[in-house]
Amino acid sequence: MSADLALYALGLGDDALIAAQRLGELYASSPEMEEDVALANIALDQLGAARLLLGYAAELTGAGDEDTLAFLRGPAEFRNHVLVELPNGDFAVTVAKLLFLAAWQRPLYARLAASGDERLAGIAATAGLETAYHLDHATQWTVRLGDGTPESHRRMQDAIDRLWPYTRELFVADPVARRLPGIAADPDRAEWTGTVEAALAEATLRVPGEAGVPAGLDGRAGRHTEHLTELLDEMQRLHRAHPGARW
Amino acid sequence: MSADLALYALGLGDDALIAAQRLGELYASSPEMEEDVALANIALDQLGAARLLLGYAAELTGAGDEDTLAFLRGPAEFRNHVLVELPNGDFAVTVAKLLFLAAWQRPLYARLAASGDERLAGIAATAGLETAYHLDHATQWTVRLGDGTPESHRRMQDAIDRLWPYTRELFVADPVARRLPGIAADPDRAEWTGTVEAALAEATLRVPGEAGVPAGLDGRAGRHTEHLTELLDEMQRLHRAHPGARW
Amino acid sequence: MDGIDELTREERFDALVAAEEKVEPADWMPEAYRKGLIRQIAQHAHSEIIGMQPEGSWITRAPSLKRKAILLAKVQDEAGHGLYLYAAAETLGVTRDELVDHLVQGRQKYSSIFNYPTLTWADIGAIGWLVDGAAIVNQVPLCRCSYGPYARAMVRICKEESFHQRQGYELLHTLAHGTPAQHAMAQDALDRWWYPSLAMFGPPDTDSVHSARSIQWKIKRFSNDELRQRFVDMCVPQAEVLGLRIPDDNLRWNPDRGAHDFTPPDYDELKRVITGDGPCNAERMAHRRAAHDDGAWVREAAAAYASKRAA
Amino acid sequence: MDGIDELTREERFDALVAAEEKVEPADWMPEAYRKGLIRQIAQHAHSEIIGMQPEGSWITRAPSLKRKAILLAKVQDEAGHGLYLYAAAETLGVTRDELVDHLVQGRQKYSSIFNYPTLTWADIGAIGWLVDGAAIVNQVPLCRCSYGPYARAMVRICKEESFHQRQGYELLHTLAHGTPAQHAMAQDALDRWWYPSLAMFGPPDTDSVHSARSIQWKIKRFSNDELRQRFVDMCVPQAEVLGLRIPDDNLRWNPDRGAHDFTPPDYDELKRVITGDGPCNAERMAHRRAAHDDGAWVREAAAAYASKRAA
């Protein structure tokens, strides 16, 4: 069971780590300086949760630490959902990714705060509070852009449409979670849909039609896009260039 | 002397290698499909010259081979001029970089074809023929963009202005070349200026005023911009991740 | 017009095709023949152009200068193939611009295989061996296709592609006989590219829409399933030499058929990838569109300059 | 207006400053004081904003998650410092938008140091130790500056910067005591950042344009050369603990002066870098301009949305 729990923590942690890494690309590039601060804040929250989750996974397997897991696994060993590895695109894409992710993380962390595994429950309780802010922030921007100018409406709708197929994967049953009753939690698709659809409605945006996960992709099983390879190339290079070094 | 000759060959080879690497980023992104073919062609020529020059440098020092030199040196050991490491920018920047480089390489290779070092003379003779095509291609685009639409004129002028300070470095005396009389050759600044100014005049573009090399940079002495670090990170990562492997 | 009625033209056309002679651009041809060829050649041209992307992204990361040069040259060849094929399609009365618009608007397809990601360097080898290999099996019969310009383009393309295939195979061979990490990388690439490569031959014969008439008109020579079988039989001994395992537990020699039995690819996945739902469809189109859009000012400048010179 | 003529106002202002009390936004102040402060605070704010770039590009490449988090937080702090400082400048009757326009148009400067490239991970340590160190030496006296809003912003900023400096020093210490490659990386960073850091204190006192009046008005408290000396004296023992060599053959303790003698930075280079000719000036401005331009549609949308809500 501790192997499954490690894998489960790793999946949640990888979602947070890769989301943080993408946000980390955006330093000093936001449309407003306040937004540079806000996005860095969200990146720090995600990175903080990732460190706790990866650290816990390493303890459970009894091998390595957060850095071993972050820097020495290959793309096929990463368990994050494909959504978070997709490139940032324009600001509307960044906002849409954050909306979809936070609408998924918030209720999931809320459930996990009551997990039978105390350590996981503790991590989820802290991270859950932060994701409420992320969701609020993403919702506000979605509304502002959707109901702003014709151009911002078009861009926001494009971003929603483009990312929509990748959200389906957030609700594909994870066999690892299945093997952890009372510890893992299922994401509630109805709640996610309710949150997202309410934001889109307020933003005067259209809800895209039903879409399947793009064929061949399955993040939790390590089947990723080439974007993850490139992201990890950049993230891991320095660490790997100095085997065994302390930083 | 053979140490100096190795350094001299390395400088020329690094110019060609880094130019090829930048062009290699542009696959399938040109404004016309014919241009995809043309840019790949130029990249292949530069890469071909780089392999001969790096291979010769490795032989002269008696250590390693073209790949050791390309993949296992750090940024401070690269001797290319800063001009070639600058990012591609828009198509006008790509054209301007190529114009400035080819206008420098063509007459220099022509002189080196008469070098007292037979091996270097042979490499220069072959590479020189190819750079005549590069110069012709870059000149044609400079003229077409400069004398095209108001937008293309503006972009081409911007590109020329932006890169101009970096061309000064092409004519800074290289102490290594000084120590190789009869073998190395001095680039002829008057000839370069004549070629470039004629192209700009036909393109209805303004020749920028005199500018110094940006302070602190000296490519031949290994003092580069951070762009070279990032370029090498990408280029060398896979090779370095598998020490000693054959490819 | 020239006193010969449609029926006679059709008969002459059929006779020409039956005699294995070439139909040339100036010849009369049935409208369905013309349209079908345009569709097929355009799809083939688009595949070359889109196919530059999954490999092209490894040019900057190739692990040796020799491999970098080989890959650059291959991607350049693909651009060249695209150009020949658009030119062949243009002999049928469409322009390249129209076809590229169809591609960019998603109205014409390209090979499903280019919607799969290239995750490691070994993928460059697997693409050369399997994807170019499958393309050659598909295309060699097209060198005898009834439409002259297409047949001639295919002769040149097949020659270059068999060169690419050998290079890909050799790359994979080097990895498979390299360090354990390199071997694992090669096996992983084969695991991921095997079924998508089988799917390149299209739906099974029972479901294939265009096949029958294409065969009658000598555009196609063999059915999808025949070509797929030929490809499997070709790959099995090559995989043995590589020391890699084809990821199919049901793969075995069937002495009765004189061929290998094998697990067919997932045709539902194929259908989804073709209709736009593959792992990289959106990326590939976005890259193509961005190149097209970003280059608009350059094409306008070139046109403006040309018209000034002409004036 | 309120019956007090300019001379009396000026006398009251001088008395206030002489008494070490704070000038507040509502107080009368000489126009040259106001303009000089705007120039100085804006330049300081711009430096925070531009200063995010050389470090920010290493967030994605940090070699451990802890260092990644520290660096992210530091770059976030710099954005926050920029915001405080623009707000302090706004109390003097300019808007942030005007100041940002001045920056983007190249009409106002930022610290020359951010025009040098960050070539390796060790540069992040060197920037923390030396650049933040020099900033603190410069800024600690500004916490007692005569203009209240600026002084208060500096108190908060200095506290965070001394935290950043300790983290940078600790990073460099880890490298300097790590593998030989890490040690070499640390030494190389010191070699490259030493003189540009010395140049952060500005031209020598003999050439300094704004100093005299700034000191009289208690904006500045010490001359450029006094601060530079203080910085050198602070760094020498720290470099010893690091086990790194400051790249200056003339550096030695002078018992008569009770201070270190040292080679001054190349002031001609400083002048060239300030006037736009540094290794990265063009890049930094291009990045800032691109962020500003790319965000225009977002700012327009936010404004349109706000005015709809207000209507």
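Let's start with the order of elements in chain C: from the N terminus on, they run α-α-α-α-α-α-α-α-α-β-β-α-α-α. That comes to 12 helices and two strands. Please keep in mind as we go that this is a predicted model.

How big is chain C along its principal axes? The C-alpha trace spans about 70 × 60 × 30 Å. For a compact globule of 311 residues we would expect a radius of gyration near 19 Å, and chain C, at 21 Å, agrees with that. Of those 311 residues, 55% are buried. And if you take the contacts in chain C with a separation of 6 or more, 76% of them join residues 24 or more positions apart.

Now let's look at where chain D meets chain A. Here 48 residues of chain D are in contact with 47 residues of chain A. Between them the two chains bury about 4100 Å², with 68% of it on carbon and sulfur atoms. If you'd like three residues to find on your screen, try Thr60(D), Leu65(D) and Trp297(D): they supply 20% of the area that chain D buries against chain A, more than any other three residues.

What about charges and polar groups here? There are three salt bridges between chain D and chain A. One to look up pairs Asp147(A) with Lys308(D), where the closest N and O atoms are 3.0 Å apart. There are also 14 residue pairs in polar contact across this interface. Several helices give two or more residues to the side of chain D that touches chain A, including helix H2 (31-56), helix H6 (148-176) and helix H12 (296-310). The largest share, 13 residues, comes from H3(D). Sorted by class, this side of chain D has 26 nonpolar, 12 polar and 10 charged residues.

Chain D also touches chain B, so to speak on another page of the story. In this case 15 residues of chain D are in contact with 15 residues of chain B. The buried area is about 1200 Å², and carbon and sulfur atoms give 46% of it. Which residues of chain D lose the most area to chain B? They are Leu119(D), Pro279(D) and Glu283(D), together 38% of what that side buries.

Three salt bridges cross the interface of chain D and chain B. Among them is the one between Glu230(B) and Arg61(D), with the closest N and O atoms 3.4 Å apart. Eight residue pairs are in polar contact across this interface. On the chain D side, helix H10 (267-277) and H11 each supply at least two residues, and H10(D) gives the most, with four. By class, the residues of chain D that touch chain B divide into six nonpolar, three polar and six charged.

Last stop: a single residue in chain B. Ser115(B) lies in the loop between helix H5 (91-112) and helix H6 (118-146) of chain B. Is Ser115(B) buried or exposed? Its relative accessibility is 11%, under the 20% cut-off, so Ser115(B) counts as buried. Leaving aside residues up to four places away in sequence, Ser115(B) touches Leu120(B), Ala121(B), Gly182(B) and Ile183(B). With Ile183(B) there is a polar detail too: its backbone oxygen lies 2.9 Å from a polar atom of the side chain of Ser115(B).

Conventions
Residues are numbered from 1 along each chain as its sequence is written. Chains are lettered from A and ligands numbered from 1 in the order in which they are written. This is a predicted model: local features need pLDDT of at least 70, side-chain atom pairs count only at pLDDT 80 or more; totals for chains, interfaces and linings use all residues. Side-chain values use heavy atoms; hydrogens and water are left out. Contact means heavy atoms within 4.5 Å. Buried area is the accessible area (1.4 Å probe) that two parts lose on being put together, summed over both. A salt bridge is a side-chain nitrogen of Lys or Arg within 4 Å of a carboxyl oxygen of Asp or Glu. A polar contact is a pair of N or O atoms within 3.5 Å; within protein, one must be able to donate a hydrogen and the other to accept it, and residues adjacent in sequence count only if both atoms are side-chain atoms. Ala, Val, Leu, Ile, Met, Phe, Trp, Tyr, Cys and Pro count as nonpolar, Asp, Glu, Lys and Arg as charged, and the others, Gly among them, as polar. The radius of gyration is taken over C-alpha atoms; the globule rule is 2.2 Å times the number of residues to the power 0.38. Buried means under 20% relative accessible area, exposed over 50%, partly exposed in between (1.4 Å probe, protein chains only).
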